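Hello,

Here is the structure I promised to pass on. Please open it alongside this message; my notes follow below.

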Amino acid sequence: MEFLHTHRAEMISMAVALVAIMGGTAYYYYVTKKPKGCLDPENFKEFKLVQRTQLSHNVAKFRFSLPTATSVLGLPIGQHISCRGKDSLDDEVVKPYTPTTLDTDVGYFDLVIKMYPQGRMSHHFREMHVGDYLDVKGPKGRFKYQPNEVRAFGMIAGGTGITPMFQVTRAILENPQDKTNIHLIYANVTYDDILLKEELDEFALKFSSQFRVYYVLNQPPEGWDGGVGFVSKEIIQAHCPAPAPDIKVLRCGPPPMNKAMATHLEALGYSSQMQFQF
Ligand SMILES: Cc1cc2nc3c(=O)[nH]c(=O)nc-3n(C[C@H](O)[C@H](O)[C@H](O)COP(=O)(O)OP(=O)(O)OC[C@H]3O[C@@H](n4cnc5c(N)ncnc54)[C@H](O)[C@@H]3O)c2cc1C
């Protein structure tokens, strides 16, 4: 009996020691080996342009390398970075951008940029060549994403406002534990203006029960079966989750569109807690 007691005590001590060692190892790994982000919220840091892919006449994907092949950018989901450049008059300009990559993409990050003819930062990106460096500061933004925080996201994006939506969507769909449903309304002027269409359509096909996208065009091509004109109250009613405490509608587009969407959402009964503007 005494032998059994001693033996049991020894087993318990060993188990406790084992748990302590495992816990210590996990903590050490978490603290020391967790990939450290490359951003500094206070100071601009330089990132090298390693690839530039033209996606349409005025849109290009810019790939920037991180310091090592295993580095991650370290940008929380739904947040953005500030990029600094020079406009056509050589004056400094700083603008926000949301990478289309996540921290599961190691060694680099991508920006999909639409370059407007008169745009100040657009000028800087237009002039950038592989091998040039971009000044970047961050993370920035108030959006905090938690898996399963809401039952469903409505998303209303206009033009380049798709990039934060794309980032949040990717994070949700790539996490099998995250069951959040996504209802995206994506507005553009013409069909050719639609950014990341191939990727969005693939999400809609692969995750058909979790992700839906409805495109709206001001100038649709012949035979277009999506929405036409501006995003209306009726379009929101038909394609966004109804107002409820466990849903949120995210907005990102040109300022006049954001204003119009806020008015529509309020009229439809979405409280301010049910809305977020990037
Ligand atoms: C959170 C956030 C994330 C963003 N992420 C991206 C991104 O990933 N990729 C990206 O390309 N942009 C993104 N933007 C927009 C970006 O910050 C700039 O506003 C955009 O690049 C234009 O800047 P600019 O200095 O070139 O143009 P400006 O000098 O500010 O504007 C010049 C002219 O360009 C036209 N213009 C500018 N912006 C728009 C617009 N949104 N819609 C229609 N016409 C416009 C107007 O006619 C304007 O008069 C994001 C914005 C926010 C708020």
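**The antiparallel sheet**

Strand 1 (residues 45-56) and strand 6 (residues 133-140) run antiparallel and are joined by four bridges. F47 has L134 of strand 6 as its bridge partner. Keep in mind that this is a predicted model.

Strand 6 also pairs with strand 3 (80-86). That pairing is antiparallel as well, again with four bridges. Here C83 is matched with V136 in strand 6.

Strand 6 has one more feature to look at. P139 sits in this strand. The peptide bond leading from G138 into P139 is cis, with omega near -5°.

Next, follow strand 3 to strand 4 (92-97). Six bridges hold this antiparallel pair. One of the bridge pairs is K86 with E92 in strand 4. The two strands make a hairpin, with five residues between them. D90 is in the turn. D90 is not a glycine, yet its phi is positive, at about 70°.

Put together, the open sheet has six strands in the order 4-3-6-1-2-5, with antiparallel pairing. Strand 4 and strand 5 each have a single partner strand, so one side of each lacks a neighbour in the sheet. On average, neighbouring strands here are turned by 40° against each other, direction ignored.

**The parallel sheet**

There is another open sheet of six strands, in the order 10-9-8-7-11-12. Its pairing is parallel. Strand 10 (227-228) and strand 12 (275-277) are the edge strands, each pairing on one side only.

Within this sheet, strand 7 (residues 152-158) and strand 8 (residues 181-188) are parallel partners over seven bridges. M155 stands opposite L184 of strand 8.

Helix 3 (residues 162-173) lies across four strands of this sheet: strand 7, strand 8, strand 9 (211-217) and strand 11 (247-252). The helix runs at about 155° to strand 8.

**The ligand**

Where does the ligand lie with respect to domain 1 (45-139) and domain 2 (152-277)? Both domains give residues to the shell around the ligand, so the ligand lies between them.

The ligand is surrounded by 22 residues. The closest are G119, M121, S122, T160 and T163. By class, the shell has 11 nonpolar, eight polar and three charged residues.

Which elements supply at least two shell residues each? Strand 4, strand 5 (108-114), helix 2 (120-127) and helix 3 do. Two of these have come up as edges: strand 4 and strand 5 stand at the edges of the antiparallel sheet. Helix 3 is the helix that lies across strand 7 and strand 8, among others.

**Confidence**

The mean pLDDT of the chain is 91. Of its residues, 88% reach 70 or more. Residues 23-32 are another matter, with pLDDT below 50. Beyond near neighbours in sequence, this stretch makes zero contacts in the model.

**Where to look**

For a quick tour, I suggest these stops:

- The cis bond from G138 to P139.
- The hairpin of strand 3 and strand 4, with D90 in its turn.
- The ligand between domain 1 and domain 2.
- Helix 3 across strand 7, strand 8, strand 9 and strand 11.
- Residues 23-32, where the pLDDT is below 50.

Best wishes

Notes:
Residues are numbered from 1 along each chain as its sequence is written. This is a predicted model: local features need pLDDT of at least 70, side-chain atom pairs count only at pLDDT 80 or more; totals for chains, interfaces and linings use all residues. Two strands pair if DSSP finds at least two bridges between them. Two residues are in contact if their C-beta atoms, placed from the backbone, lie within 7 Å. Axes are lines fitted to C-alpha atoms, for helices over the stretch in contact, and angles run from 0 to 180 degrees between N-to-C directions. pLDDT is the predictor's confidence in each residue, from 0 to 100. A residue is near a molecule or strand if its C-beta atom, placed from the backbone, lies within 6 Å of it. Ala, Val, Leu, Ile, Met, Phe, Trp, Tyr, Cys and Pro count as nonpolar, Asp, Glu, Lys and Arg as charged, and the others, Gly among them, as polar. Domain bounds come from an automatic or database domain assignment.
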